[in-house]
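Hi everyone, thanks for making time this morning. Let me put the structure up on the screen, and then I'll walk you through a sheet and some ring contacts.

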Amino acid sequence: MSAVIDATHDPALRSWVECANGHADFPIQNLPIGVAQPGAAPAQGAVAIGDQVLLLGDALDAGLFEGAARDAATLAARATLNDFMAAGAAPRQALRRALSALLARGSAAEARARLCLRPAADCTLLLPARIGDYTDFYVGLHHAENVGRLFRPENPLLPNYKHVPIGYHGRASSVRVGADPRRPCGQLKAPSDAAPRFAPSEKLDFELELGIWIGPGNAPGEPIPVGEAADHVAGYCLLNDWSARDIQAWEYQPLGPFLGKSFATTISPWVVTPEALAPFRVPQPPRPADDPAPLPYLWDAADQQGGALALGLSVTLQSAAMREAGLPPMVLARSDARHMYWTVAQLVAHHSSNGCDLRPGDLFGSGTISTPGPEGLGSLLEIARGGAAPITLPSGETRRFLEDGDVVVLAARAEREGFVPIGFGPCHGAVRPA
């Protein structure tokens with residue numbers, strides 16, 4: 001059941017929650033779902049509306065939902081969203097329609113609904129779901145080319161890249177909302193070193209990625225066809241897959257990323273639904289004429305016509321010295337989700353193509369999404385060219401890689417003429433000392 005544009009996307013729609021009208025991320029046209037803990041009370045499912053959250057458990061107790069929407073809200077009100085994600089698109093869409101009517105100006109239930117609101121600043125936003133498995137892909141073509149040129153100037157892309165979505169199995173236990181990563185220690189070995197040493201990473205980096213939450217999933221041995229893959233996506237978030245480039249460089253042969261990646265992955269707390277993003281679906285950019293055609297199990301004409309997202313992405317950095325001097329964060333990159341070489345549906349289809357069962361609450365990372373030009377490079381590895389071209393911050397400091405105290409914030413904004421823009425909320429992380 002694909003998401004469609006309907007009355008919930010009406011640009012004229014306004015909320016009685018006045019701070020939502022014109023809000024950069026969470027107008028009434030968005031309505032992302034998450035898990036919030038208001039003060040010392042138990043955690044429950046919640047919806048972002050402006051700078052407020054609507055607590056779904058409280059809304060259920062107040063009798064604000066009926067029928068299919070009540071059934072969906074019962075699932076979404078729990079302390080994790082796994083059961084809600086498992087239910088699929090129809091319950092999610094019923095809840096969205098009910099929330100839109102409830103929060104719109106003129107709602108007959110406004111007085112009761114007001115009692116279910118809390119300032120987002122007074123709530124702790126938690127991990128939306130129990131993540132059983134986390135897979136990080138590598139779909140940013142320009143990132144792959146940039147990194148390849150650093151290490152293989154004559155052959156930046158490996159032969160399989162344009163034939164198969166590349167990914168690796170990550171560590172789900174270290175995925176956090178708003179995590180401030182501690183600088184990891186590990187084995188380091190520069191080319192000139194006679195032997196490795198164990199020390200804090202000296203080449204800590206961020207990665208600008210899109211996170212994809214899995215919905216119903218599939219039974220073991222039953223692949224998901226690419227034309228049905230969209231029905232198994234529960235929503236999206238931002239994802240920073242912190243990387244210790246020096247640990248990774250020494251350990252990753254022959255089995256791929258391990259401790260250089262598994263120490264921390266930070267995500268944004270709100271699940272932006274496929275329904276909220278329906279107006280921002282755009283055609284997948286055409287492949288160059290000399291690129292290989294995807295194999296049939298990865299190809300669906302409808303997916304190619306609407307499988308990409310018009311979603312602007314950005315990264316800012318603010319050092320401790322910048323904060324002390326009152327200097328605003330520095331924009332490091334402005335990219336776009338349309339630079340993903342493979343669609344999300346292709347990722348789902350490929351991941352399940354060998355019979356691997358995807359489960360509700362599983363998380364995908366897109367891989368670093370960079371632009372072809374220098375304005376949108378999604379990692380310091382690219383921006384500073386492996387450390388050979390350090391950048392200068394407004395404070396006069398330089399950076400080859402991240403230093404302790406640096407705060408990295410990812411942001412996203414979906415825009416299309418004729419519709420109200422929506423955002424994801426920040427994906428925030430501050431580097432702590434080893």
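**The sheet and the rings**

So, let's begin with the sheet: five strands make up an open sheet, ordered 4-3-2-1-5, and the pairing is antiparallel. Please keep in mind that this is a predicted model. Which strands sit at the edges? They are strand 4, residues 117-119, and strand 5, residues 123-126, and each of these pairs on one side only. Going from one strand to the next, the twist averages 45 degrees.

Let me stay with strand 5 for a moment. Strand 1, residues 33-38, pairs with strand 5 in the antiparallel sense, and four bridges join the two. If you'd like a residue to find on your screen, take Ala36, whose bridge partner in strand 5 is Leu125.

Now to the rings. How many aromatic pairs does a search of the whole structure find? The search finds five, and I'd like to show you two of them in detail.

Here is one: Phe26 and Trp270 meet edge-to-face, with 6.1 Å centre to centre and 65 degrees between the planes. This pair links distant parts of the chain, 244 residues apart. Phe26 belongs to the segment before strand 1, while Trp270 is in the loop between strand 15 (265-267) and strand 16 (281-282). Are these two rings buried or exposed? Phe26 has 7% relative accessibility, which is under the 20% cut-off, so Phe26 counts as buried. Trp270, at 4% relative accessibility, counts as buried by that cut-off too.

The other pair I picked is Tyr138 with Tyr161, again edge-to-face: 5.9 Å centre to centre and 80 degrees between the planes. Here the residues are 23 apart, and this pair also links distant parts of the chain. You'll find Tyr138 in the loop between strand 6 (134-137) and helix 6 (141-151), and Tyr161 in the loop between helix 6 and strand 7 (167-170). Their accessibilities are worth a look: Tyr138 is partly exposed, with a relative accessible area of 28%, whereas Tyr161 is buried, with a relative accessible area of 3%.

That pair also belongs to a wider group, as ring pairs link Tyr138, Tyr161, Tyr341 and Trp342 into a cluster. And a charged residue joins in at Trp342: Arg287 lies over the face of that ring, 4.3 Å from the ring centre.

That's my tour, and I'm happy to go back to any of these views.

Methods:
Residues numbered from 1 in each chain as written. Predicted model: local features only at pLDDT ≥ 70, side-chain atom pairs only at ≥ 80, totals over all residues. Heavy atoms only, no water. Pairing = 2+ DSSP bridges. Axes fitted to C-alpha atoms, helices over the stretch in contact; angles between N-to-C directions. Phe/Tyr/Trp six-rings, centres within 6.5 Å; stacked < 30°, edge-to-face > 60°. Buried < 20%, exposed > 50% of the residue type's maximum accessible area, 1.4 Å probe, protein only. Lys NZ or Arg CZ within 6 Å of the ring centre and 35° of its normal.
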